[in-house]
Amino acid sequence: MFLDNRQVAMDSALEALADSIDYFQDNIERLRPSLREALKPHYAARLESMHQLQDLARTHLKMLPRDADVERDDFLWLWSRLKSFVGNDSQVLINELLEQERVLMQALSTLFTHPLPAPIEPVIEDCMKGCRQLIRELYELQKRKTSR
């Protein structure tokens, strides 16, 4: 089945959401407990939004769920671990999480360039607000970490 441009944009946004959640879950043990606790609520809300968006995409855009790109996830995890050997592990993780947010914001912005069914738009807007909140939180954590 071929996807139209709107479905491709939705697929990219869903993939970016899943990647950011997977990356956080795969690396949660590498975070200091204070960082972990500060970030958990953001990712719990994101997981809920992703499930809601998947359901809406299935209903309104006739999209079927996809499997994650396991090889890409393994590569990103390994690359992050290698960078941690030459830098501060928490700083590396915060930078990686910020990059995940940039990718997600770009995918969500692209999705907004297509006509969307009315029930989908508020969920995407909530995802974008969540991204902005998480970006602010990550920069704040980064600032606190570097000022010590």
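**From a loop to the core**

Arginine 30 lies in the loop between α1 (5-27) and α2 (33-60); helices here are DSSP runs of H or I with at least four residues, numbered from the N terminus. The model is predicted, so local features need pLDDT of at least 70 and side-chain atom pairs count only at pLDDT 80 or more, while totals for chains, interfaces and linings use all residues. Residues are numbered from 1 along each chain as its sequence is written, and side-chain values use heavy atoms, without hydrogens and water.

Is arginine 30 buried or exposed? Its relative accessibility is 13%, so arginine 30 counts as buried (under 20% relative accessible area, with a 1.4 Å probe and protein chains only).

The two helices on either side of this loop have axes that come within 10 Å and cross at roughly 150 degrees. Axes are lines fitted to C-alpha atoms over the stretch in contact, with angles from 0 to 180 degrees between N-to-C directions. α1 and α2 are therefore roughly antiparallel, a term for angles over 145 degrees. Among the residues making the contact (heavy atoms within 4.5 Å) are Met10 and Phe24 of α1 and Leu39 and Leu53 of α2.

Met10, Leu39 and Leu53 are also among the residues that touch the most other members of the largest nonpolar core, which has 40 residues. Such a core is a set of buried Ala, Val, Leu, Ile, Met, Phe, Trp, Tyr and Cys residues joined through side-chain atoms within 4.5 Å. α1, α2, α4 (89-111) and α5 (120-146) each supply at least two of its residues, and the largest share, ten residues, comes from α5.

Key: Buried < 20%, exposed > 50% of the residue type's maximum accessible area, 1.4 Å probe, protein only. Parallel < 35°, antiparallel > 145°, perpendicular 65-115°, else oblique.
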